[in-house]
Amino acid sequence: MKPGSLIIRTLCTFTLIAVSAPLRAQDEKEKDQPHLRGDLEVLFQAQHRADERAWFFEYPLYGHFGVLYPGEGFEAAISVDLIEEVSLGETYIRGGEDYSYLKLGYFTETWRTGSSWSVIDILNERDERYPNNVFYRNVLRPNPMILVSFGGGGWAQQIIASRKEESERVDDALLGVRSLLFSGGGLESGLGAAGRVGHPPPLVFLTLKNEAARTETWAEVGWWIYGDAPDTVNGVLGAKQSFASAFVIGELIVDESKLILFLEELTELNPLVSFGFQSYIYFNFFSAALKSFVSTNLGELTVVEAGTMLFFGEEGTYFSRYTELEDNDNQLYLRLALEF
């Protein structure tokens with residue numbers, strides 16, 4: 001790591017700690033007034049890289065800063081990302097209320113229902129600036145989009161246009177449409193399709209989600225229609241059970257030929273300390289990814305988390321630490337995060 005980069009990251013770390021106390025003492029801004037929002041995360045990682053048979057120390061810094069204006073029937077946001085370098089973050093304008101609105105700008109949009117995995121998240125690319133392992137799978141990078149939504153009385157219709165790649169060709173744009181139905185019992189169902197204008201195959205999908213007092217269940221089915229080749233059907237089936245001071249999640253994932261079980265548990269040991277555990281188990285050729293951590297909330301804004309990530313499996317299996325295309329490095333980490 002370059003000395004200049006180390007100095008900048010060290011200053012950001014001390015800034016994070018120094019500003020957390022006064023930020024906690026501030027009163028919440030009124031809804032119709034612009035206010036600052038953001039988060040800053042510093043990771044201290046000791047990684048063991050199997051291909052090199054050596055330990056390495058990493059010091060990544062992730063930050064997002066911006067201003068949000070939440071007005072009556074109108075919302076505007078401008079932000080920048082501090083990840084490797086300064087770049088444009090989520091920046092958009094949104095007019096309308098509930099499910100009748102127009103949103104235009106540079107942002108992320110997900111139609112997922114699940115927790116760990118989605119077979120229909122194609123509107124944004126995964127953010128490659130984060131580690132390329134399964135625990136960062138849901139981190140998406142914003143791109144230019146326009147979303148039109150209208151509805152009411154238990155239904156909604158949404159149309160979206162997204163451009164994930166820098167191109168002036170119209171047929172490189174991605175178009176999506178989704179219809180939603182809501183019932184009074186907490187059931188939400190969605191049916192839609194998405195795909196690039198000039199590049200088949202299209203994705204047709206169905207989503208279901210049901211919320212009860214302490215139980216949630218959901219399902220996703222995605223059908224890729226190739227036409228001149230065999231179609232591909234992927235799916236996710238999951239459930240969440242909440243308790244007084246804990247919750248448990250289980251998901252069964254079918255992603256092409258992969259059959260994966262995801263398990264998550266989070267327990268609040270006391271108002272300040274929590275323990276969490278996540279695991280992915282790949283059944284085809286046994287391999288697994290495990291993560292466990294203990295986190296401490298230092299007030300409403302600052303989190304300190306210490307944990308480990310472990311990857312098991314022979315060379316060539318999905319979660320193997322010997323897979324070159326994945327950042328599946330066994331590691332110990334300490335995370336310091338500030339949100340405001």
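Which strand gives the largest share of the lining of the largest pocket? That would be β22, with six residues; the legends below start with the whole chain and then zoom in. This is a predicted model, with local features needing pLDDT of at least 70, side-chain atom pairs counting only at pLDDT 80 or more, and totals for chains, interfaces and linings using all residues. Residues are numbered from 1 along each chain as its sequence is written, and side-chain values use heavy atoms, with hydrogens and water left out.

**View 1. The whole chain, with one helix and 22 strands.** Helices (H or I, at least four residues) and strands (E, at least two) are DSSP runs, numbered from the N terminus. Of the 340 residues, 39% are buried (under 20% relative accessible area, with exposed meaning over 50% and partly exposed in between; 1.4 Å probe, protein chains only). Take the contacts (heavy atoms within 4.5 Å) with a separation of 6 or more: 42% of them join residues 24 or more positions apart. The accessible surface is about 18,400 Å², and carbon and sulfur atoms hold 60% of that (Shrake-Rupley method, 1.4 Å probe; for residues, only the protein chains shown count as cover).

**View 2. The largest pocket, with about 940 Å³ of space.** Its lining has 34 residues, and the closest to the centre are Glu 41, Phe 135, Val 139, Lys 291 and Arg 335. A pocket here is an open set of points on a 1 Å grid over the protein atoms alone, where a 1.4 Å probe fits, with protein on both sides within 12 Å along at least five of seven lines; lining residues have an atom within 4 Å of a point. Grid points are joined across faces, edges and corners, and the volume is the space filled by probe spheres set on them. Strands supplying at least two lining residues each include β1 (35-49), β3 (61-71) and β22 (330-339). Glu 41 and Arg 335 also turn up with Glu 305 in a network of salt bridges.

**View 3. Arg 129 and its two acidic partners, Asp 81 and Asp 127.** The structure holds eight salt bridges, each a side-chain nitrogen of Lys or Arg within 4 Å of a carboxyl oxygen of Asp or Glu. In the Arg 129 and Asp 81 pair, the closest N and O atoms are 3.2 Å apart. This one links distant parts of the chain: Arg 129 sits in the loop between β8 (125-126) and β9 (140-141), while Asp 81 is in β4 (74-83), 48 residues apart. For Asp 127 and Arg 129, the closest N and O atoms are 2.8 Å apart. Asp 127 counts as buried because its relative accessibility is 2%, and Arg 129 is buried too, at 8%.

**View 4. Glu 211 and Lys 209, a salt bridge with partly exposed ends.** The closest N and O atoms are 3.9 Å apart. Relative accessibility is 43% for Glu 211 and 22% for Lys 209.

**View 5. A nonpolar surface patch of about 1,000 Å².** Among its members are Tyr 69, Phe 74, Ile 93, Trp 155 and Leu 181. Patches are made of residues with over 30% relative accessible area and no salt bridge; like charges are joined within 9 Å, nonpolar side chains (Val, Leu, Ile, Met, Phe, Trp, Tyr) within 5 Å. β10 gives the most, three residues, and β7 (100-107), β11 (155-162) and β12 (174-182) each supply at least two. Ile 93 is in β6 (91-97); it counts as partly exposed because its relative accessible area is 43%.
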